[in-house]
Structures are given as structure tokens and as C-alpha cells.
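Colleague: Please take a close look at one helix-helix contact in this model. Then place it in the setting of the chain copies and the model's confidence.

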4 protein chains.
Amino acid sequence: MIVVMKAGASQEEIKDVIRKAESLGVQTHPIYGENRTVVALVGDLTRVSREIFNAMDGVADTMRIQEPYKLASRTARPDNTVIEVGTVKIGGPDVVIMAGPCSVEGRDQIIEHAHAVKEAGAHILRGGAYKPRSSPYSFQGLGVKGLEYLAEAREITGLPVITEVMTVEALPGVVEYADILQIGARNMQNYGLLQAVGKTNRPVMLKRGLSGTIEELLMCAEYIASNGNYNVMLCERGIRTYETATRNTFDLNAVPVLKQRSHLPVVADPSHGTGYREYVPAMSRAAVAAGADALILEVHPDPDNAVSDGRQSLDMKDFAQLVVSLRRIAEAVDRKVAPPVGAVSPVAA
Amino acid sequence: MIVVMKAGASQEEIKDVIRKAESLGVQTHPIYGENRTVVALVGDLTRVSREIFNAMDGVADTMRIQEPYKLASRTARPDNTVIEVGTVKIGGPDVVIMAGPCSVEGRDQIIEHAHAVKEAGAHILRGGAYKPRSSPYSFQGLGVKGLEYLAEAREITGLPVITEVMTVEALPGVVEYADILQIGARNMQNYGLLQAVGKTNRPVMLKRGLSGTIEELLMCAEYIASNGNYNVMLCERGIRTYETATRNTFDLNAVPVLKQRSHLPVVADPSHGTGYREYVPAMSRAAVAAGADALILEVHPDPDNAVSDGRQSLDMKDFAQLVVSLRRIAEAVDRKVAPPVGAVSPVAA
Amino acid sequence: MIVVMKAGASQEEIKDVIRKAESLGVQTHPIYGENRTVVALVGDLTRVSREIFNAMDGVADTMRIQEPYKLASRTARPDNTVIEVGTVKIGGPDVVIMAGPCSVEGRDQIIEHAHAVKEAGAHILRGGAYKPRSSPYSFQGLGVKGLEYLAEAREITGLPVITEVMTVEALPGVVEYADILQIGARNMQNYGLLQAVGKTNRPVMLKRGLSGTIEELLMCAEYIASNGNYNVMLCERGIRTYETATRNTFDLNAVPVLKQRSHLPVVADPSHGTGYREYVPAMSRAAVAAGADALILEVHPDPDNAVSDGRQSLDMKDFAQLVVSLRRIAEAVDRKVAPPVGAVSPVAA
Amino acid sequence: MIVVMKAGASQEEIKDVIRKAESLGVQTHPIYGENRTVVALVGDLTRVSREIFNAMDGVADTMRIQEPYKLASRTARPDNTVIEVGTVKIGGPDVVIMAGPCSVEGRDQIIEHAHAVKEAGAHILRGGAYKPRSSPYSFQGLGVKGLEYLAEAREITGLPVITEVMTVEALPGVVEYADILQIGARNMQNYGLLQAVGKTNRPVMLKRGLSGTIEELLMCAEYIASNGNYNVMLCERGIRTYETATRNTFDLNAVPVLKQRSHLPVVADPSHGTGYREYVPAMSRAAVAAGADALILEVHPDPDNAVSDGRQSLDMKDFAQLVVSLRRIAEAVDRKVAPPVGAVSPVAA
């Protein structure tokens with residue numbers, strides 16, 4: 001860490017900084033410049049926060065040199081983490097496709113959708129039983145019933161299931177039925193929930209918040225990992241900017257940045273990222289070309305009648321065509337789309 | 001709501017939109033333009049979501065004409081809501097000042113701080129017992145012990161207490177001890193938590209999320225109100241933008257916008273809003289000049305040794321001076337800073 | 001256009017809106033809702049600005065239904081515009097690669113670079129003779145000398161040349177030497193400059209401003225086209241957001257959005273878009289996968305000693321490898337990278 | 001400057017950085033940490049750009065310790081710059097009010113407006129003769145005719161005049177007629193224009209760009225000052241963020257930040273900052289409470305019929321009331337609104 005003193009900082013203020021740093025067990029290297037002094041701190045600074053120094057008299061600013069996360073960092077673990085969900089491996093050489101409707105709308109619907117997305121090439125079934133909605137008057141999901149339907153769809157098709165968990169209270173139920181726990185964008189920094197999923201042994205897909213930085217996303221993964229659950233996937237799903245031509249600004253740059261900084265698998269969500277189905281195929285191809293390990297896509301056989309997010313849902317035909325083109329892109333970057341999932345769910349088996 | 005059809009939408013697609021709207025019980029008015037058709041929908045649209053139409057073939061876009069919130073809207077209730085916390089009234093003619101340290105650090109500390117901020121002119125004591133921290137390795141607050149210390153400080157000084165509740169599990173404890181429940185910025189859209197505080201009878205201060213729009217803030221207030229708790233204050237605390245000269249971009253414009261759209265009291269938090277104590281006095285004065293009903297300020301007798309957020313904490317002397325200048329500003333806008341709180345807590349009494 | 005009246009707007013205010021609209025030669029369709037009235041305007045609204053109505057008493061808001069640009073719109077011209085620069089065609093089936101150093105640093109340097117990028121597969125040589133720099137104390141470019149060196153490099157290698165024009169005064173010189181005029185991000189809304197390049201017959205590459213919306217980019221292209229120059233390329237080069245892990249947020253979503261809305265060729269600039277050379281290959285591949293017609297890349301044989309933007313410049317070896325991988329991506333989306341440029345410049349010839 | 005090496009940087013790479021720094025005439029202080037080395041650079045670094053080091057092998061990042069601007073910095077000049085425009089002093093103890101219509105619409109109109117705003121308490125007349133418009137089909141201003149009308153209005157009322165200059169070509173004309181040259185937000189980084197106004201002896205009001213940082217605004221002021229013109233005012237007029245409840249996000253925090261970092265006068269523009277006339281009075285009061293030296297306001301006797309920006313224009317009655325309330329706010333912060341301007345223009349005299 002570098003502590004930058006103000007232009008007119010006194011000798012006493014500089015000494016206070018040095019004393020404080022030494023009291024925290026780190027070495028100090030003051031450097032006296034023409035107008036300003038900086039104090040470099042050397043040692044294990046993971047638990048030393050910048051704000052301790054920021055608050056001191058005479059300090060203008062502080063800068064962190066090392067990453068504030070450890071378990072999520074590629075420095076700590078150079079090899080890719082590969083997360084196994086049944087026979088599906090996420091983070092390895094194969095590109096994985098998660099697909100399904102925004103919401104579980106009923107038993108027959110989700111089973112029908114599961115068959116359809118599987119046939120078109122999906123490896124994992126997505127579907128929301130609990131839905132975070134900006135209006136209290138909107139459909140909030142089927143809850144436990146939805147989880148049961150998802151589990152039934154898995155047993156029939158063999159597709160593992162990913163679904164969102166919104167509250168600590170609902171967690172035991174979701175853990176019972178789901179193969180992957182999804183933490184939604186609005187809950188990226190819901191630390192109570194992160195700690196709770198960190199104490200389960202289910203893989204977690206953590207979505208970047210609408211205004212989450214890449215570093216914050218990694219810190220939130222650290223919350224989960226530091227509670228014992230290392231099977232975390234990082235999901236880019238669009239950030240909030242001034243641009244309104246897309247629903248969010250799908251920040252595909254996060255893919256190479258995350259792959260460089262972390263060993264954790266990276267998932268891209270162009271459905272939420274762009275918000276319009278007509279942009280999803282182009283941005284899905286772009287995501288695989290940029291190095292994403294998996295895609296999560298909203299697909300609905302009849303988007304016009306979806307109870308939520310129909311605007312960003314592909315229909316089955318467009319989804320099937322997209323999977324074909326993704327195979328070609330994956331090959332162009334020396335990967336391949338993962339092979340089809342077998343008939344019997346390896347989780348349920 | 002206005003449904004805008006694509007340039008080349010077919011007659012059949014237009015009819016589908018009309019049929020769908022009529023099936024939802026709203027009237028339709030198609031308008032045929034040179035290149036495009038729009039369909040205006042008239043009736044009670046609170047429960048009709050835009051996405052139903054967005055997803056339909058031939059639809060280019062939809063636009064909502066009416067506010068999607070009701071209970072929080074000034075249209076529904078023209079008079080200001082005044083929330084009484086003991087003898088303190090928030091949302092009325094007097095400007096209220098909430099002050100205290102970022103974190104409760106210990107029993108003696110919080111009692112000493114409570115005395116000091118009261119003497120300087122504060123009406124409500126703030127202090128965090130549960131702290132949302134971006135690093136899992138940082139100090140997370142004293143928890144229930146912190147709540148007990150806060151309550152003791154209230155009993156001694158008579159100042160009502162505001163403190164953050166981060167999880168549904170912690171809610172019963174916080175309700176037991178606190179006079180006002182604070183929902184932090186990271187939890188603005190933690191709907192489970194909003195519903196839970198909506199079922200209590202404690203006043204709530206809801207902070208705007210880092211990327212929350214003003215409309216979303218009002219929708220989140222609606223979540224609380226629609227569960228039965230109408231005593232909600234809206235707090236502007238800075239949004240995330242590209243500018244780094246301040247920690248956040250304190251969006252003071254939210255004050256007149258919220259006062260226009262809603263009857264709920266508006267609180268401004270220039271400490272988090274700017275992140276640097278040297279900008280807090282100017283922006284506190286600006287907030288009162290802009291019409292804020294209350295301020296919430298971080299104050300610490302020894303900011304250099306605060307366990308958190310010292311950089312944005314005023315010391316006692318600066319805080320006392322600020323209160324003096326706020327009295328002048330309040331008078332310049334035909335208000336006044338609320339009178340001092342009596343010796344015995346009206347809540348504890 | 002839709003004019004939304006305020007909740008309590010009077011009959012007289014509604015009539016004023018109708019009269020105003022009719023005085024502008026457009027038809028009106030008032031729709032009376034439960035709480036609000038809206039007035040739909042139908043006719044040629046290109047020259048009718050929203051602000052005329054926004055300013056009127058009783059008006060809450062206005063919404064535009066049609067695009068405010070015409071010449072740049074795909075509605076007006078469904079077929080792709082293909083811009084020919086010598087034998088290179090931009091906007092057709094082949095993907096074009098523009099490459100070169102950030103700045104022209106000297107005669108020998110730019111000729112050497114031109115040979116090197118041509119050999120590695122580039123079709124057009126980029127290089128700045130006039131440099132927009134945030135500090136007045138930084139290197140500002142070689143000016144006319146730089147233009148002469150660029151022209152010499154073109155004559156030797158046959159590569160057409162793209163270079164930035166920053167001022168109307170410098171325009172005649174740049175037109176004399178350059179094959180494509182670049183308008184930089186800071187000048188996207190420098191309307192005097194747009195009008196001036198619109199009066200030349202040189203192709204123009206218009207970069208999106210740091211906070212430019214996609215619609216504003218198209219409106220700025222309209223400024224050029226409405227002055228008579230239809231050969232405009234649109235360039236995505238990163239927007240300003242809160243994220244600091246990349247220098248800008250390269251908004252790749254703009255590629256499919258622009259291709260949908262406009263017939264003009266779309267160029268992607270991952271060098272400025274990301275700001276770090278290690279992310280450029282992944283995002284270049286992503287850009288081609290997303291449908292970009294061309295890439296513009298900063299390449300320098302010795303990035304460590306580049307006078308500007310070395311951090312985002314690829315070295316020759318990495319650039320050559322990237323071109324190989326781009327050929328594979330282009331094929332995966334049924335395109336190909338354009339064939340090499342012949343030895344003699346078709347422009348100079 | 002601090003050069004942060006990558007985790008695995010080699011000894012040779014570190015030495016290269018040291019050699020490069022020494023070749024630029026600055027001292028080096030390498031500090032060897034557990035995982036990383038940083039090299040601190042000490043000396044005059046104004047002309048040493050970060051990118052030189054960013055581009056080198058083994059370098060992870062660089063951080064600047066000192067401000068990159070000198071002439072605009074309060075460190076260089078602790079006392080406030082006071083700019084005299086006739087008898088009006090901007091940047092001194094008195095708060096100055098600039099007001100007038102968005103556009104000069106005609107001779108009689110601007111003379112009538114000038115009388116009206118003067119009577120209501122304005123000190124300087126604003127009005128656009130050249131208008132930057134996002135559509136090429138919108139009204140672009142009266143040009144030289146508009147300048148002549150402004151000058152006539154000044155001679156009749158005695159009010160000095162501020163008007164925008166958009167191009168270098170128009171500059172001689174604007175200098176001939178205007179007392180203050182306005183550089184608009186879209187041209188903040190139009191360096192050719194900044195250099196040109198820097199060579200005149202007219203005071204300049206430089207508006208912050210829609211995505212300009214506070215540091216960039218100061219660097220652009222440096223462009224003007226380094227060309228010899230020290231009479232620069234800095235104007236906050238709203239930045240672009242995701243929030244759409246206001247037209248821009250008026251970043252009032254810029255006022256105390258700029259006053260701290262720079263000695264130059266600070267002007268606030270709540271008309272453009274918020275975009276809606278109903279928020280202008282509150283935010284004008286807030287701006288004065290926050291320490292602004294001047295306000296620039298759009299005022300129009302008949303906003304409904306303004307040719308541009310009527311939505312954000314106050315009418316005369318509201319403006320006159322606002323001035324009254326601003327006097328009270330100014331007094332509450334120990335300033336006062338400047339006294340009325342005498343009958344004869346000190347510039348024209």
C-alpha cells in the first residue's frame with residue numbers, strides 16, 4: 001500500500017502514519033519528494049484497510065498495490081478451477097450452455113422446456129422459482145412448487161438445474177432441489193446470503209451487480225470461498241450505464257479481465273446483458289470468442305406469452321440455430337461446445 | 001401505456017397487441033402513423049407490466065405513462081408524511097440531524113459519542129452494530145452487543161437511535177433495540193428484507209442503492225409500504241458514476257425530485273455521498289438549501305482512530321460548527337433546525 | 001411523438017398542445033385516460049423537436065416514436081453501405097483490419113511500421129499526425145510532417161491511410177494526404193468539424209464519444225451525411241462508466257445495435273476500448289464474432305518505447321498471431337478477413 | 001509517480017524501469033515487497049506521462065501522486081482568482097448571477113429579455129448566437145446577427161454579455177462582441193478551440209463535458225491558461241449518468257472539490273444540470289450554499305414559446321423570486337449577491 005501525504009503534511013503527521021503502520025505489523029518506506037512525501041507499506045496487508053490511513057491527518061490518499069482477495073485470485077492458484085455438476089464440467093476446455101425460461105410457470109411447461117432446450121443442445125436447465133421483481137405487484141415466482149417442478153424436469157431429462165436463491169430462509173429448500181445456486185445481481189453484496197451459500201457444498205453462480213466493479217465481484221466470491229465453498233462461478237450480466245439502446249451494458253471485457261485475475265469459471269449472460277433477443281445471438285458468439293466458459297440464456301418456446309422477460313428470450317428455433325453457430329465459434333478458439341448430457345441425471349442418480 | 005409497433009409490423013401483429021391488452025381489461029386506442037402504428041392503453045395499468053407487450057412480435061418498444069408506485073406517490077397523498085420518533089418529527093417543518101460514528105466500537109465509546117453529538121445539536125444517534133463490508137476480512141460490527149450499547153446510550157441521553165439491519169435473521173434483535181431501521185444501499189433491492197421490515201411497526205430509512213434510480217428507490221419504498229409499514233424515509237447517499245474525485249456522486253438533485261414525486265420524508269447523507277470530510281459541510285448546507293428534511297452525518301471525536309470510514313467523519317468541533325451554519329441555512333429557506341431533544345428518551349420511557 | 005400531459009392538466013392546456021401541433025403541420029390524436037391525457041402526433045416530425053412541447057404548461061413529458069435520423073437509418077436504406085478505399089471495401093462481406101502505431105513518430109518509423117503491419121495482414125495503415133492529449137504539456141503530434149510521412153508510407157506499401165483530423169483549419173492538409181478522415185471521440189459533437197468533413201469527398205470514420213449514446217453517434221453521422229458526404233463509418237471505441245479495470249468500457253453491444261439501425265459500416269477499436277494490450281486479442285475476436293465490419297488496432301514494434309498509448313499497443317508478433325485467429329473467427333461467422341492489399345497504392349496511383 | 005511492477009516481474013524489467021526514469025531526469029526509489037516491487041519516482045514529473053511506464057514489460061500499473069495541472073492549481077496559487085468583467089467581479093466575496101434566454105431569437109426579444117433579467121437582479125446577460133444542436137435539422141442560432149443584438153442589448157442595459165463560441169472560425173466575431181467567451185460542454189476537450197481562446201484576452205467560462213472528470217476540466221483550463229489567458233471560470237453543468245429523472249446529473253459536489261483544488265472561480269448551471277425548471281430554484285439555492293461564485297440560469301418570459309430549452313427555463317416571475325431567496329442563502333454563508341449593475345456598460349463605455 002502507498003500512503004500519499006498532503007502537500008504540506010508535517011513531520012509529525014508523517015511519523016504518525018509510520019507508527020500506525022508499524023503497530024499493524026507492516027514495514028514502512030517513506031520517500032521524500034519535492035512537494036510531497038509518500039510512505040510505502042510492505043508486508044501482509046490483506047487485513048489492513050486503506051481507510052485506517054485515509055482518515056489520518058495529513059494523508060491525501062492511499063493506493064492499494066496488491067489485490068484485496070486471495071482465494072479467488074489467480075496469483076494464489078494459477079490453474080483453472082473446474083466445477084463438476086453431474087457429468088458437466090464448467091471451467092474446463094468445453095463451453096457449457098445453460099438455458100431455459102426466465103420463470104418456472106408450471107409443471108408441464110418446465111418439463112416441456114427442459115426437453116426442448118436439451119434437444120437444442122443445452123447442458124443445464126435454468127428457471128426461476130423465486131423472482132426478484134422491481135414492483136411488489138408483479139409475479140414473484142412459484143416458490144417451493146417451482147423447485148419441485150425443476151427437480152422433476154431434471155429427473156426426466158437428466159439436465160442439472162440452476163435456480164436463484166434470494167433469501168437465507170429459502171436456502172435449505174433451494175439446496176435440496178438445485179444443482180447450482182444462483183445469486184442474482186441485486187444480491188451480489190447481500191453478505192448474509194453470501195456467507196450462507198458459502199457454508200453449503202453446492203456450486204454457486206454469482207452474478208455481477210448492476211453497479212458492481214470487477215474487483216467487487218471477486219471480493220464477493222471471496223466471501224463465499226472464505227466460508228468454505230470454493231465452487232464459485234462468476235457471471236457477467238450487464239452493468240448500468242447511461243446507454244439506453246440496450247437494457248444494460250453487457251460488459252464483455254469482464255470476461256478476459258476475470259480470466260486473467262481469477263481461476264474461477266466465467267459465465268456470460270447476454271440475455272440480461274443486452275435485454276433484447278435480437279442482440280443475443282451476436283453477443284453470445286462474442287462471449288465465446290472472448291473466452292467465456294459458459295453461457296446462460298433465456299429461451300422460451302413462446303416468448304410473447306412468457307410471464308416475465310419475454311423481450312429477451314430466444315425462441316426454440318433461434319436457440320437451436322445459435323447453438324450450431326456457437327460450435328463453430330468454439331472451434332475457432334480451440335475449444336468445443338460440451339457434448340450432450342446423458343439421459344439420466346447424474347445428480348439424481 | 002404506449003405500445004410502439006415496429007416500422008413494418010403487420011396488421012395481424014397489431015391486432016394481437018390489441019387482443020392481449022383487452023384480455024387484461026384495458027382499453028386500446030390504435031393510432032396509425034406514416035411509418036409506424038402505436039397503440040395507447042388506457043385503464044388501471046399498475047399490475048400490467050411492459051414486458052408482456054415488449055415480448056410480442058412486431059412490437060418495437062413500450063412506454064409507461066403513469067408511475068408504477070402508488071402508496072409512495074404524492075399523487076396518491078398530496079400532504080407530507082411526518083414520521084414521529086419519540087419527540088422528533090421527520091418530514092415536518094423542522095430539519096432533523098442524525099449523527100454519530102460509523103460503527104459502534106464499544107460501550108463507553110458510543111455513550112461518550114452520544115453525549116457529544118447531542119451537545120453539538122444532533123437529534124438522533126446513528127451507529128452501526130452490523131456493518132456491510134466489501135472484504136470478508138474486515139471488521140463486521142459488534143452485532144447484538146452493539147445494539148445493547150446503542151440502547152444504553154439512548155437511555156442515558158434521550159436520543160433515539162438509528163441502526164442498520166442487514167438480514168432478516170437479525171431483524172427481531174434490531175427491532176427490539178432501534179428506533180429507526182436503516183436499510184443500507186447494498187440492500188435497497190433485497191426484497192426479502194424489505195418485506196420483512198414492512199411487517200414491523202418501526203420507522204424505516206431506506207437508502208438509495210449505488211446504481212438505484214429514483215424510480216427504483218420509490219418502488220422499494222412501495223415494497224415496504226405495501227406490507228403495511230407506511231413510515232418510510234428515503235435517503236440519498238451518493239450514486240456510482242465515472243467521477244472519482246468524490247467517493248460517490250452525491251446526487252442532491254434527488255432531493256427536489258423525491259419531494260415532488262413523493263410525500264415521504266427525504267434524508268441526505270453527505271458523508272457517504274462525498275466520502276471526504278472536507279466536502280461534508282458544504283454539501284450538508286446545500287442539502288438543507290435543496291429541501292432535505294433531515295441529514296445523517298458521520299461524526300467521530302477521533303476520526304484518525306475510527307475503525308471504519310474515518311475519512312468521511314467530521315470531528316466534534318467541525319460538527320458543532322456545521323450545526324450552527326445549518327441553522328442559518330434552514331432559516332434562509334423558512335425552516336428551522338429542530339429543537340434539542342429532552343433528557344429522557346421518549347421511546348425508552 | 002407522444003405528448004404526455006400532467007395528471008391535473010387543464011382542458012385549456014391540452015388544447016394549447018393540440019393547437020401548437022397543428023400549427024406545425026402534424027395531426028393530433030388526444031387519448032383521455034383515467035388520470036392523464038396523452039396527445040399522439042402523427043406526420044413528418046423530423047424537424048419538430050420534443051422541447052417545443054416539453055416547455056408547455058401542463059406537459060409532463062414527451063416521447064419520440066421515430067428515429068430522429070434519416071440518412072443514417074436502415075429504415076431509409078435497407079442495404080449495407082460499402083465504402084471503397086482503393087481496393088479495400090469496408091462494409092461488405094470481408095472483414096478489414098486497420099493497424100499501426102498511435103502516433104507517427106518519424107519517417108523511418110512509420111515506413112517500417114507500415115511494412116510490418118502489412119506483412120502481418122493489415123489492409124489500412126493508421127497513425128496520428130495530430131494527437132488530442134489531455135495535458136497541454138504532452139506530445140501533440142508531428143502535424144503536417146506526420147501527414148507527409150504517412151503518405152510516403154502509403155506510396156511505398158500500397159496501404160491506404162487513416163488519420164485523425166482535429167480542427168477545421170487542419171482539414172485541407174489532412175484531406176490532401178489521408179484516405180480516411182478520422183473524427184476522434186472528443187470531437188464526436190464538434191459540429192463545425194462534422195459539417196466541414198461532410199463537405200469533403202473523403203470517407204470518414206466517426207468515433208463514438210466517451211459519453212455518446214448510440215443514437216447521438218447516429219445523429220452525428222447524420223450531420224456529416226446531410227452535408228453531402230455519405231461515406232461514414234461508425235466506430236465503437238469504449239465509453240466511460242464507473243468500471244476502472246479497463247481504461248474504458250468497450251461497448252461491443254453497439255455493434256449489433258448499429259448494424260440493426262443503420263446501413264453504415266461499423267468499426268471496432270478494442271485498443272482504446274479496453275486500454276490494455278492483454279485484453280485486445282480476446283476483444284478483437286469478440287468484435288468480429290459480434291459482426292464488426294472492420295477493426296482498428298494499435299500496433300507498435302516496441303510498445304515500451306512508443307511515445308503514446310504503448311500500454312494498449314500490440315507488438316508485431318502478437319498482432320500477426322491475432323490476424324491468424326481472426327481469420328478463423330471470420331469464417332465461423334461466414335465471412336473472411338479481406339485479402340492482402342496489392343503493392344501499389346490504388347489511391348496514390 | 002509510483003510504478004507498480006507485476007507479481008512476477010524480473011530483475012531486468014525492474015532495472016529497465018529505473019533506467020528509463022533516470023533517463024527522464026527523475027530520481028528512483030525501488031521498494032521490494034513480498035510479492036511485488038514498486039518503484040517510486042521523485043522530481044518534476046509534470047512532463048512525464050504515465051503511459052511511458054505503463055507500456056513497459058513487467059509493469060502492472062502506475063499511479064500519479066501529484067496533480068498534472070499547475071497554473072490552475074491552488075497549490076500553485078493559494079488566493080482566489082477574481083475576474084473582472086466591467087464592474088462585475090466573479091470569484092470574489094459576492095455571488096454573481098448570469099441569466100437570459102437559451103438562444104438569441106431576435107433583436108427586440110433579447111433587448112426585452114435583457115431589461116427584464118436586469119430588473120430581476122441579474123448581473124450578466126446570457127444568450128446563444130451559435131447553438132450546438134444534436135440534430136442537424138434543428139435551429140442553429142442567428143450567428144453574427146445574434147452577436148450584434150447581444151451587443152446592442154448590452155449597450156442599452158449595461159449588462160455584460162456571455163455567449164458561446166463553437167469554432168475557431170467564429171472566434172474573432174465572438175471576441176468582438178462578447179464580454180465572456182463560453183466554451184460549451186461538447187467542446188470541453190476541443191483542444192484547438194481551447195488554445196485559440198487561450199490566445200485572446202477575454203475571460204472564458206469553460207463548461208465541464210458530459211463525461212468530463214473534475215481533473216479533466218482542470219486540465220482543459222490548463223490548456224487555456226498555458227496559452228496566456230488566466231481568466232478562466234469553471235462551470236459545472238451536469239454529467240451523464242444512468243439516472244433519467246433529471247436530464248443530466250448536476251454534480252454539485254464539483255463546487256467544493258474545485259474550490260479546494262483550484263483558485264479559479266466556479267459557476268453552477270442548474271438549468272442544464274437538472275433540465276427541468278421545477279428543480280432549478282432548489283438547486284440554485286443549493287449551489288450558493290455549496291460555495292458557487294456564480295450561477296448561470298436560463299430565463300425566458302414565455303418558456304412555452306422559446307425556440308430551445310424551454311423546459312428548463314424559468315419565467316421572469318419565478319426568476320425574480322429566486323433572486324430574492326438567493327440573497328438570503330448568500331447571507332447565510334457570509335456572502336451576498338452582487339449589487340445591481342450600473343446603467344452604462346463598462347465594456348461598451
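Modeller: The helix pair comes first, then the symmetry, then the confidence.

Residues are numbered from 1 along each chain as its sequence is written, with chains lettered from A and ligands numbered from 1 in the order written. The model is predicted, so to speak of local features takes pLDDT of at least 70, side-chain atom pairs count only at pLDDT 80 or more, and totals for chains, interfaces and linings use all residues; side-chain values use heavy atoms, without hydrogens or water.

In chain C, helix H3 (residues 107-120) packs on helix H11 (residues 316-332) at about 30°, with the axes 9 Å apart. H3(C) is therefore roughly parallel to H11(C) (angles under 35 degrees count as such). Helices are DSSP runs of H or I, at least four residues, numbered from the N terminus. Axes are lines fitted to C-alpha atoms over the stretch in contact, and angles run from 0 to 180 degrees between N-to-C directions.

The crossing of H3(C) past H11(C) is right-handed (the near helix is turned clockwise from the far one by less than a right angle). H3(C) contributes C:His113, C:Ala116, C:Val117 and C:Ala120. H11(C) brings C:Met316, C:Phe319, C:Ala320 and C:Val323. Contact means heavy atoms within 4.5 Å. By class, this contact holds seven nonpolar residues, one polar and no charged. Ala, Val, Leu, Ile, Met, Phe, Trp, Tyr, Cys and Pro count as nonpolar, Asp, Glu, Lys and Arg as charged, the others, Gly among them, as polar.

Now the copies. Chain C superposes on chain D by a rotation of 180° with 0.0 Å of shift along the axis, at RMSD 0.0 Å. The fit is by least squares on C-alpha atoms of residues with pLDDT of at least 70 in both copies. In chain C, C:Ser211 comes closest to the rotation axis, its C-alpha at 2.7 Å. The copies meet through the same surface, because 100% of the interface residues of chain C are also interface residues in chain D.

Chain B lays on chain A by a turn of 180° and a 0.0 Å shift, RMSD 0.1 Å. That is the relation of a two-fold axis.

Last, confidence. The model scores ipTM 0.89 and pTM 0.89. Chain A averages pLDDT 91, with 98% of residues at least 70 (pLDDT is the predictor's per-residue confidence, 0 to 100). Residues 344-349 of chain A stay under 50. Where pLDDT is low, the predicted coordinates should not be read in detail.

Key
Helix = DSSP H or I, 4+ residues; strand = E, 2+ residues; numbered from the N terminus. Parallel < 35°, antiparallel > 145°, perpendicular 65-115°, else oblique.
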